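The following exercises ask the reader to study one protein chain. Each task is followed by a solution that proceeds step by step.

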Amino acid sequence: MAVHSLALTNFRNLRGGTVRFGAGSNVLYGANGSGKTNLLEAIFMVCLGRSQRGAADAVLLGRDADFFRLEGEIESGSNRHKLAVAYQRGFRKKLTIDTKPARAFELFELNSLVAAGPEDSEILSGPPSIRRLFLDLYISQHSTTYLADLTDYQRALTQKNAALRGELDATPFDPMLVEYGTKVILQRAGFLRSLGVRSVSAYARIAGGEQLVVEYQSNIPISLESMNVDSARAAFEAELSRVADRERAVQTSLAGPHRDEVFFGIGGLPARTHGSQGQWRTAAVALKLAVYDMLREKRGEPPVLLLDEIFAELDNDRTARLVESFGDIGQLFLTTAVRPPDQLMARAERFRLVDGQVMKE
């Protein structure tokens with residue numbers, strides 16, 4: 001996949017206009033606050049219809065603007081498409097593919113992107129919700145059914161919670177939670193098994209042999225080694241029965257994948273409580289490189305890779321090993337406030353950003 005061009009109107013601090021990118025490495029550099037990260041966010045948004053940072057649509061509006069619009073020309077497989085994302089304050093966002101109205105799942109089926117940035121340290125150090133969002137974003141690109149199953153599960157969960165808050169009978173929603181939640185659990189477990197193997201290898205390569213551990217911790221008590229559809233459904237049903245009285249008391253759902261966790265360990269210790277900033281950053285990059293490999297294998301072509309200030313807080317050795325891992329990557333967008341390593345700059349298209357203006361050099 002490749003993004004050939006991007007047209008921007010009223011998106012964050014970026015000035016309007018069209019930017020054309022190279023098919024290989026694209027280095028975006030400039031001072032902090034110049035708009036580098038916002039440009040990556042615009043690329044992600046036009047391809048997948050949402051911000052990789054989880055920002056609400058209204059936050060993406062330019063100063064004093066009531067709407068934004070992004071248009072991109074992308075190549076996926078052997079086909080070229082024109083995508084557009086438009087949002088007006090107070091209305092729902094509109095997505096189009098080749099001028100025809102589209103839904104989010106269609107963008108996820110068509111496009112594949114992996115974004116890594118400073119905020120990714122929170123995958124290791126932040127609350128469980130950050131780790132679940134990480135899973136949801138990338139499994140949705142890896143599986144053609146995951147996003148639909150997750151959406152149906154979240155809809156049933158919202159309805160059950162509303163019934164609990166209204167002190168109504170919430171049990172009619174349990175079969176739907178089990179139906180769709182079991183599918184979410186099974187896909188998360190399978191994805192993390194593969195992700196764990198690949199990210200452990202990537203982390204050891206970048207960190208000079210240091211060990212990373214990745215483990216899925218389902219909210220439903222079940223053996224992940226022997227888990228199948230029937231055992232997962234039975235375990236989910238049993239857990240819903242066990243917590244039913246407590247759910248009525250606290251008026252919220254307590255069992256299901258919306259409470260899943262992922263455990264990360266570094267050097268034999270829990271990463272969340274014992275990891276350093278450099279270790280968190282390195283592990284986050286390793287996770288994203290592993291996701292990249294999984295998506296490339298699944299889709300038969302490399303995803304677009306967006307790397308935001310990834311050299312910050314990495315020592316020279318880790319930086320050198322990380323650059324070496326770029327060898328077989330397709331289209332790459334890399335932001336930096338300082339000049340990146342010469343071996344990367346030598347083969348890159350270069351863009352300088354100043355106060356939201358993008359200038360190709």
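**Exercise 1. The chain as a whole**

The chain contains 11 helices and 15 strands; here helices (H or I, at least four residues) and strands (E, at least two) are DSSP runs, numbered from the N terminus. The model is a predicted one: local features need pLDDT of at least 70, side-chain atom pairs count only at pLDDT 80 or more, and totals for chains, interfaces and linings use all residues. Residues are numbered from 1 along each chain as its sequence is written, and side-chain values use heavy atoms, with hydrogens and water left out.

Task. Determine whether the radius of gyration of the chain agrees or disagrees with that of a compact globule.

Solution.
Step 1. The radius of gyration is taken over C-alpha atoms, and the globule rule is 2.2 Å times the number of residues to the power 0.38.
Step 2. For 361 residues, the rule gives a radius near 21 Å.
Step 3. The chain has 21 Å, so the value agrees with the rule.
Step 4. As a further description, the C-alpha trace spans about 65 × 50 × 35 Å along its principal axes.

**Exercise 2. Burial, contacts and charge**

Task. State what percentage of the residues count as buried, and describe the contacts, surface and charges of the chain.

Solution.
Step 1. Buried means under 20% relative accessible area, exposed over 50%, and partly exposed in between (1.4 Å probe, protein chains only). By this rule, 52% of the 361 residues are buried.
Step 2. A contact means heavy atoms within 4.5 Å. Of the contacts between residues at least 6 apart in sequence, 70% join residues at least 24 apart.
Step 3. Accessible areas come from the Shrake-Rupley method with a 1.4 Å probe; for residues, only the protein chains shown count as cover. The accessible surface of the chain is about 16,300 Å², and carbon and sulfur atoms account for 49% of this surface.
Step 4. Lys and Arg count as positive and Asp and Glu as negative, while His and the chain ends are not counted. The place of a charge is taken as NZ of Lys, CZ of Arg, CG of Asp or CD of Glu. There are 44 positive and 44 negative side chains, and the centres of the two sets lie 4 Å apart.

**Exercise 3. Two helices**

Task. Compare the end-to-end distances of α4 and α9 with their expected spans.

Solution.
Step 1. The expected span of a helix is 1.5 Å times one less than its number of residues.
Step 2. Helix α4 (residues 128-142) has 15 residues and should therefore span 21 Å; its end C-alpha atoms are 21 Å apart, in agreement. The buried residues of α4 include Arg131, Phe134, Leu135 and Tyr138.
Step 3. Helix α9 (residues 277-299) has 23 residues and reaches 33 Å from its first C-alpha to its last, close to the expected 33 Å. In α9, 17 of the 23 residues are buried.
Step 4. Gly300, which follows α9, has a positive phi near 80°.

**Exercise 4. Positive phi outside glycine**

Task. Locate Asn10 and Asp64, and classify each as buried, partly exposed or exposed.

Solution.
Step 1. Asn10 lies in the loop between β1 (2-9) and β2 (17-20). Although Asn10 is not a glycine, its phi is positive, about 60°.
Step 2. The relative accessible area of Asn10 is 27%, so Asn10 is partly exposed.
Step 3. Asp64 belongs to the loop between α1 (36-48) and β4 (67-76). Its phi, near 65°, is likewise a positive value in a residue other than glycine.
Step 4. Asp64 is exposed because its relative accessibility is 76%.

**Exercise 5. Sequence and space**

Task. What are the surroundings of Leu150 and Gln331?

Solution.
Step 1. Leu150 is part of helix α5 (residues 146-165). With a relative accessible area of 7%, Leu150 is buried.
Step 2. Apart from neighbours within four places in sequence, Leu150 contacts Asp136, Val184 and Arg188. The C-alpha atoms of Leu150 and Lys183 are 8.4 Å apart, with their positions 33 residues apart along the chain.
Step 3. Gln331 occupies the loop between α10 (316-324) and β13 (332-336). Its relative accessible area is 2%, so Gln331 is buried.
Step 4. Not counting residues up to four places away in sequence, Gln331 touches several residues, among them Met1, Phe21, Asn26 and Pro303.
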